[in-house]
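Welcome, and thanks for taking a look. Here is a short briefing on how the strands and a helix are arranged.

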Amino acid sequence: MNENFPDLELKPPLFYNWDIGIRFELGVNYDRENDRENSPYLQGVYHRAITLFKSLHLPEDEIFMVANVNDYGDGATFNRKLQIFSRYVQEKSSLNQLKHVALPYVFPEDDEDGKYKTHRFILKCKASDITYIPLLKAICNQDLGIKPSIYHDVFFINIKNKTVFHVYDYRGCDLVATSTENIKGMYDEYNDWILDYDRNEIDQVFI
């Protein structure tokens, strides 16, 4: 990570903190009354998130799956085998390699008293080891009142592609890379999914 992405803090928003990246829109034409489970809107969100992950990560690709778990000093404890990993990693033997690092809170501007921490859990595995379809759905479900939900930031670092992929919620996801060549195919193939708000900035990088 430090070698390929020096000075990039692994926290949202990745797109605004790295020069080469794409911000994709997952949820289109949001309607509060249409965010229920199995709604066409939410199925569209799932489809885009799953398609982007699958296009970016081949089954045999080695990746780091990283989860930031924030501790707000309210007495919560953190089990090394978080449900994120035990539930969504099908190769259980790889869980023995799960690493944990306690860090200063990744959003220091929101921690005036310095009481918060961020627990970072890191697992090196193959993309095929992850049951990514239900995992991505759970990430997209956050803030919609639909279970299962994952509220932690989960990042996928592809070692071969030198990319970082992060679905921040049902609205969208960020993809950053060390070079434009690494994600030019994603830019071309899923151009219609690029968030219009940031399109001009993204186009300038790839055109």
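Please keep in mind that this is a predicted model. Let us begin at one end of the sheet: strand E3 (residues 99-104) runs antiparallel to E4, and 6 bridges join the two. Within this pairing, lysine 99 has isoleucine 122 as its bridge partner in E4.

**The sheet as a whole**
- An open sheet is built from 7 strands, with antiparallel pairing and the order E1-E7-E6-E5-E2-E4-E3.
- Strand E1 (21-25) and E3 are the edge strands, each of them pairing on one side only.
- From one strand to the next, the twist averages 20 degrees.

**E2 and E4**
- Strand E2 (residues 62-71) and strand E4 (residues 117-126) are antiparallel, with 10 bridges joining them.
- If you would like to trace this pairing by residue, you can start at isoleucine 63, which stands opposite cysteine 125 in E4.
- Phenylalanine 64 has its bridge partner in E4 too, namely lysine 124.

**A helix across the sheet strands**
- Which strands does helix H4 (residues 180-189) lie across? They are E1, strand E6 (163-169) and strand E7 (172-177).
- Relative to E1, helix H4 runs at about 25 degrees.
- E1, one of the strands under discussion here, is also an edge strand of the sheet.

How values were computed. Residues numbered from 1 in each chain as written. Predicted model: local features only at pLDDT ≥ 70, side-chain atom pairs only at ≥ 80, totals over all residues. Heavy atoms only, no water. Pairing = 2+ DSSP bridges. Helix = DSSP H or I, 4+ residues; strand = E, 2+ residues; numbered from the N terminus. Axes fitted to C-alpha atoms, helices over the stretch in contact; angles between N-to-C directions. Contact = heavy atoms within 4.5 Å.
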